[in-house]
Amino acid sequence: IGGMATDSQLLLALADFGYMINLFNLMPIGSLDGGKIGEAIHPYVGVVGLMGGSSLIFLGAMSNPIFYLVMLTGVYSTGSRLLSYHKLFGFEGLLL
């Protein structure tokens with residue numbers, strides 16, 4: 001509101017940056033906030049988030065090396081969650 005009222009490009013750019021950071025943080029990948037929300041919903045939500053992140057990388061929409069690191073940590077944390085979920089409820093036969 002302040003950026004539009006004062007016609008300030010800096011305030012508009014800062015608002016856009018904050019908006020994009022919040023959207024990025026809510027992706028259901030690894031240890032991001034969206035990953036923790038997804039873990040509370042169901043353990044397989046992390047797999048959906050990893051597929052979405054992988055498609056962003058594959059399509060070239062995301063070429064930031066930090067995102068690659070987030071995806072690697074997401075693979076590790078989602079995999080460890082799934083393995084502990086299956087061991088906890090006795091579904092070892094499903095992970096072949």
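Helices are DSSP runs of at least four residues, numbered from the N terminus. By that count, Val-45 lies in helix H4, which spans residues 45-59. The model described here is predicted.

The protein chain holds five helices and zero strands. Read along the sequence, its pattern is α-α-α-α-α. The chain has 96 residues, and 23% of them count as buried. About 6900 Å² of the chain is exposed. Carbon and sulfur atoms supply 72% of that area. Contacts between residues at least 6 apart in sequence were also examined. Of these, 42% join residues at least 24 apart.

One aromatic pair is present in the structure. Its members are Phe-24 and Phe-67. A pair of aromatic rings is described by the distance of the centres and the angle of the planes. Here the centres lie 5.7 Å apart, and the planes stand at 55° to each other. The pair is classed as tilted, because its angle is neither under 30 degrees nor over 60. The pair links distant parts of the chain. Phe-24 belongs to helix H2, residues 9-25. Phe-67 belongs to helix H5, residues 65-89. The two are 43 residues apart in sequence. Phe-24 has a relative accessible area of 24%, so it is partly exposed. Phe-67 has a relative accessibility of 2%, so it counts as buried.

Helix H5 also contains Ser-77. The relative accessible area of Ser-77 is 14%. Ser-77 is therefore buried, as the cut-off is under 20%. A polar atom of the Ser-77 side chain lies 3.4 Å from the backbone oxygen of Gly-74. Residues up to four places away in sequence can be set aside; Ser-77 then touches Gly-30 and Ser-31.

Val-45, in helix H4, has a relative accessibility of 23%. Val-45 counts as partly exposed because this value falls between the 20% and 50% limits. With residues up to four places away in sequence left out, Val-45 touches Pro-28 and Gly-38. Val-45 and Gly-34 are eleven residues apart in sequence. In space, their C-alpha atoms are 9.5 Å apart.

Conventions. Residues numbered from 1 in each chain as written. Predicted model: local features only at pLDDT ≥ 70, side-chain atom pairs only at ≥ 80, totals over all residues. Heavy atoms only, no water. Phe/Tyr/Trp six-rings, centres within 6.5 Å; stacked < 30°, edge-to-face > 60°. Buried < 20%, exposed > 50% of the residue type's maximum accessible area, 1.4 Å probe, protein only. Polar contact = N/O pair within 3.5 Å; in protein donor to acceptor, adjacent residues only side chain to side chain. Contact = heavy atoms within 4.5 Å. Areas by Shrake-Rupley, 256 points an atom, 1.4 Å probe, with all protein chains shown as cover.
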